[in-house]
Amino acid sequence: MISSWRKRRAGRKAAKQQQHGEDDMGMIELTTPNHFRCPISLELMKDPVTLSTGITYDRESIETWMEAGNRTCPITNQELKSSEPIPNHTIRKMIQDWCVENRSFGIERIPTPRIPLSSVEVKEMLHKFRTAYRREDEGACREFVAKMKSKGKESDRNKRCLVANGAAAVLSAAFEAFSSRSSSSASFDKYVLVLEDILAALSWIFPQLDSEAKSYLGSAASLNCLVWLLKSGDLSARGNAVSTLKELVSGDKRKVDALAEIQGVKEALVKLVREPICPTATKTSLMVIYYMVSSSSSNEDSKLRFSEMGMVELLLELLVESEKSVCEKALGVLDSICGCDQGRENAYANALTVPVLVKKLLRVSDLATEFSVSILWKLGKNEKREDGGVLVEALQVGAFQKLLLLLQVGCSDRTKEKATELLKLLNMHRERLECIDSMDFKDLKRPF
């Protein structure tokens, strides 16, 4: 009985060894042909392309080589006459056939890759689109915009190709052209579909707008159309419009001034914060408002108008529970608005002001702390009430200790100056709050 058991175990062991031997033999026999391997990565090519030198590479590898600034063939070291490789369909079909023949070894057939856009195709597409919008052919323009969006979303390479060949400038010129033909809300309604499509296409090009594109979008006609979309467009159009405005006014005071003069823009921005459509739109709206109240020559008028629309109260409610990015932007706007009398009066009248600002100290980020100190400093140095007002309230919620800690851990020189001055103001009211001796309660007994 023992002998038969040993024979069965030996038989099973021999069968396993034979099976492993066959598998190892199969693995040894399968080798990838050298002309199917990329000379750079030495891996099986998935998208073979041929350079002007006649050498074939895998597209991903050779594009990485070119993006590094190389303009020569890696094998021959010859200078490339063209930076756009040509798809090698013959080699690709041979590789696919080889994969099918060897599928028993676990080799999967490589998929047929999509042919990326070339500069010639992009220029031809943009030429046709330019002709269409000059003819005011709204239907053809929408078709070309949809095609550009589709091609751009297929791959990052297509997007780079579109941007490099001036797609942003052409789209922006078309937006200005249709905006210029619209002198009233009724006219905007006529072209609203093509305007929304162009704006949506531009949104995925951000932040790669060149100066030419910004000049088209920054014209009076374009700005008026953007504000109209911000007020009357659907959710997607409103989000794209405020994103475009942010790109335009960032670092350009003249465009900020021009935007501030357009009727209804402030109300539309406040509405976008009060009735948010998405977190990105809220952040972008706050950034546009920040530029308007801090960068423009007419910022005093903007501060006053935003204060009258209840922006201070809205920002304080937003700060109660908000993530880091929103918190920083909201504090930045509040800091600028508190630079005017009306803004400070609204802040004095709101019970959330001091508790929220003190809570943000040393809790969110260095930028949020700087803004919070600046707001408290502006409110404290302009406090006129005999009872101390915000200064006493700040002491009650622990501002003195937090400011001392801030000076110990370190901050910017400007923030340090404000914190030091604020501590001096707070120190004048400390005795009023610290007049209770703990010994007064020594005979107090607990009820349990």
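In this predicted model, the charged end of Arg 181 sits over the ring of Phe 178, at 5.2 Å from the ring centre. Phe 178 also takes part in an aromatic pair, with Tyr 191 as its partner. The centres of these two rings are 5.2 Å apart. Their planes meet at 50°, so the pair is classed as tilted, since that label covers angles that are neither under 30 nor over 60 degrees. The structure holds four aromatic pairs, the Phe 178 and Tyr 191 pair being one of them.

This pair links distant parts of the chain. Phe 178 belongs to helix H7 (residues 167-180). Tyr 191 belongs to helix H8 (residues 185-203). The two residues are 13 residues apart. Phe 178 has a relative accessibility of 0% and therefore counts as buried. Tyr 191, at 4%, also counts as buried, because the cut-off for burial is under 20%.

A charge over a ring is found at Phe 400 as well. There, Arg 430 lies over the face of the ring, 4.1 Å from the ring centre.

Helix packing was examined for H11 (residues 235-249) and H12 (residues 253-260). The axes of these helices come within 8 Å and cross at roughly 135°. H11 is therefore oblique to H12. On the H11 side, the contact is made by Leu 245, Leu 248 and Val 249. H12 contributes Lys 255, Val 256 and Leu 259. By residue class, the contact comprises five nonpolar residues, no polar residues and one charged residue. The charged residue is Lys 255.

Key. Residues are numbered from 1 along each chain as its sequence is written. This is a predicted model: local features need pLDDT of at least 70, side-chain atom pairs count only at pLDDT 80 or more; totals for chains, interfaces and linings use all residues. Side-chain values use heavy atoms; hydrogens and water are left out. Axes are lines fitted to C-alpha atoms, for helices over the stretch in contact, and angles run from 0 to 180 degrees between N-to-C directions. Helices (H or I, at least four residues) and strands (E, at least two) are DSSP runs, numbered from the N terminus. Angles under 35 degrees count as roughly parallel, over 145 as roughly antiparallel, 65 to 115 as roughly perpendicular and the rest as oblique. Contact means heavy atoms within 4.5 Å. Rings of Phe, Tyr and Trp (its six-membered ring) pair if their centres lie within 6.5 Å; planes under 30 degrees apart count as stacked, over 60 as edge-to-face and the rest as tilted. Buried means under 20% relative accessible area, exposed over 50%, partly exposed in between (1.4 Å probe, protein chains only). A charge sits over a ring if NZ of Lys or CZ of Arg is within 6 Å of the ring centre and within 35 degrees of the ring normal.
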